[in-house]
Number of protein chains: 2
Amino acid sequence: MKNIITISREYGSGGYEIGQKVADALGFKFYDKELIAQIAEKLLVSESFMRTTEDKLIRRNIFRETFPILSNGENQDADFVFAQQGKFIVELAEKGNCVIAGRRADYYLRDNPNAFHLFFYADTDFKVQRICSMENCTEEEALKKIKDMDKRRKTSYEYVTGRKWADRHNYDRMICTSSLGLDKCVEEIVTVIR
Amino acid sequence: MKNIITISREYGSGGYEIGQKVADALGFKFYDKELIAQIAEKLLVSESFMRTTEDKLIRRNIFRETFPILSNGENQDADFVFAQQGKFIVELAEKGNCVIAGRRADYYLRDNPNAFHLFFYADTDFKVQRICSMENCTEEEALKKIKDMDKRRKTSYEYVTGRKWADRHNYDRMICTSSLGLDKCVEEIVTVIR
């Protein structure tokens with residue numbers, strides 16, 4: 001029985017929105033920022049602390065890729081946060097009936113037989129149009145945001161998991177949202193899970 | 001309306017069998033070796049000629065990857081066959097209501113708005129078990145066959161198309177057949193297409 005769905009996605013693909021709608025349709029809980037907040041509570045630190053630590057890590061790793069010799073390799077704060085996130089996600093999933101967006105949940109739940117891992121992607125034009133309309137920005141800004149966000153996701157995913165981001169073998173389904181639109185994706189996933 | 005389905009797959013994933021069952025369920029035609037035979041007829045050459053020419057090309061390209069300086073780069077026979085295959089697949093798709101397995105159909109039909117491109121993959125254990133049971137071979141032989149066949153597909157795909165084999169952006173859906181089994185995949189695709 002697949003009653004835990006993890007959502008990974010390219011920025012702007014609509015995977016987050018699909019995750020929410022799938023959770024609604026199946027009567028599952030939907031976790032994202034709320035999840036971060038709950039982890040933060042467990043860690044007895046503020047949510048803003050976690051964001052800052054993670055942000056620092058990501059910047060440091062992007063820097064390291066370009067100039068490896070200049071980095072000092074000390075990521076202890078971030079490593080602690082990631083390890084706590086992982087433990088928390090594993091605990092959370094034990095209850096089942098949930099959709100978890102982001103947070104590398106596919107990796108932490110890779111051995112959970114009830115987990116179903118989805119990755120969403122889309123044509124660039126589709127993503128740009130969605131971002132422009134949702135964030136009221138120019139196409140150029142949307143393109144830059146796609147590049148930056150996917151780079152951040154890839155960097156943190158690969159740092160924490162040692163796996164390649166968007167590698168098909170880490171997912172049960174990879175779905176192009178621009179082919180048939182978001183609603184059709186929701187319908188499809190609900191059919192598969194039920 | 002998506003009434004042309006192309007099937008690409010890892011060897012042993014069951015994508016071919018899924019394609020046949022989807023075609024049955026939707027009342028679509030299923031093309032694979034029959035397609036080769038029809039192209040061969042168009043070319044007024046025997047089917048065995050085409051297989052031999054393509055095989056030669058693939059061997060030559062695998063060789064070239066390892067020792068680029070030793071190859072002479074003359075692939076005119078094979079290029080002619082590939083070009084004819086491409087034209088034929090485009091013509092074939094004009095009639096719609098079909099499933100086309102292999103032959104780089106996703107590439108030739110990349111601009112056809114009615115085409116829906118599927119890629120099937122699976123866990124190695126799943127593929128090995130299927131191959132052992134279907135071909136009555138050892139696990140070691142199955143593993144070797146997977147490696148060899150995927151290498152052949154990748155080489156010819158990348159030679160002809162200039163695109164990366166198994167790149168998600170070339171497909172509408174990438175489906176892990178070992179997650180829920182072949183029958184569930186058939187049901188899922190039929191739901192999406194209908």
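**Figure 1. Pairing of strands 4 and 5 in chain B.** L118(B) has R173(B) as its bridge partner in strand 5 of chain B. This contact belongs to a parallel pairing in which strand 4 (residues 115-121) and strand 5 of chain B are joined over four bridges. The model shown here and in the following figures is predicted. In a regular strand, side chains point alternately to one face of the sheet and to the other. Both faces of strand 5 of chain B are covered. R173(B) and I175(B) are buried on one side, and M174(B) and C176(B) are buried on the other.

**Figure 2. Strand 5 of chain A beside strand 5 of chain B.** The two strands, the one in chain B comprising residues 173-176, pair in the antiparallel sense over three bridges. R173(A) has I175(B) as its bridge partner. In turn, I175(A) is bridged to R173(B). R173(B) is thus a bridge partner of I175(A) in the other chain and of L118(B) in its own chain.

**Figure 3. The contact surface between the chains.** Contacts between the chains involve 15 residues of chain A and 14 residues of chain B. On the side of chain A that touches chain B, the elements giving two or more residues are strand 5 (173-176) and helix 9 (182-193). By class, this side of chain A holds seven nonpolar, five charged and three polar residues. Of the interface residues of chain A, 93% are also interface residues in chain B, so the copies meet through the same surface.

**Figure 4. The rotation axis relating the two chains.** A turn of 180° with a shift of 0.0 Å along the axis lays chain A on chain B with an RMSD of 0.0 Å. The two copies are therefore related as by a two-fold rotation axis. M174(A) is the residue of chain A that comes closest to this axis, its C-alpha atom lying at 2.4 Å.

**Figure 5. Helix 9 of chain A and its buried face.** The twelve residues of this helix should span 16 Å at 1.5 Å a residue, and the end C-alpha atoms are 17 Å apart, which agrees. C185(A), V186(A), E188(A), I189(A) and V192(A) are the buried residues of the helix. Seen down the helix axis, these residues fall within an arc of 165°, so they line one face of the helix. Their cover includes helix 1 (15-26), strand 4 (115-121), strand 5 and helix 8 (177-180) of chain A. Helix 9 (182-193) of chain B also contributes to this cover.

**Figure 6. The surroundings of V186(A).** V186(A) is located in helix 9 of chain A. This residue counts as buried because 21 C-beta neighbours lie inside 10 Å, where the cut-off for a buried residue is 20 or more. Leaving aside residues up to four places away in sequence, V186(A) touches I18(A), K21(A), V22(A) and A25(A). I18(A) and V186(A) are separated by 168 residues in sequence, yet their C-alpha atoms are 5.8 Å apart in space.

**Figure 7. Two loop residues of chain A with positive phi.** Most residues other than glycine have a negative phi. N97(A), which is not a glycine, has a positive phi near 50°. This residue is placed in the loop between helix 4 (76-94) and strand 3 (98-101) of chain A. With 14 other C-beta atoms within 10 Å, N97(A) is partly exposed. A166(A) also has a positive phi, of about 70°, without being a glycine. The loop that holds A166(A) runs between helix 7 (139-161) and strand 5 of chain A. A166(A) is partly exposed, with 18 other C-beta atoms within 10 Å.

**Figure 8. The fold of chain A as a setting for the close-up views.** Chain A contains nine helices and five strands. Along the sequence, these elements follow the pattern β-α-β-α-α-α-β-α-β-α-α-β-α-α. Of the 194 residues in chain A, 38% are buried. Among the contacts in chain A with a separation of 6 or more, 72% are between residues 24 or more positions apart.

Notes
Residues numbered from 1 in each chain as written. Chains lettered and ligands numbered in written order. Predicted model: local features only at pLDDT ≥ 70, side-chain atom pairs only at ≥ 80, totals over all residues. Contact = placed C-beta atoms within 7 Å. Nonpolar A, V, L, I, M, F, W, Y, C, P; charged D, E, K, R; others polar. Pairing = 2+ DSSP bridges. Expected span 1.5 Å × (residues − 1). Buried ≥ 20, exposed ≤ 12 C-beta atoms within 10 Å, placed from the backbone. Arc of directions from axis to C-beta. Least-squares fit on C-alpha atoms with pLDDT ≥ 70 in both.
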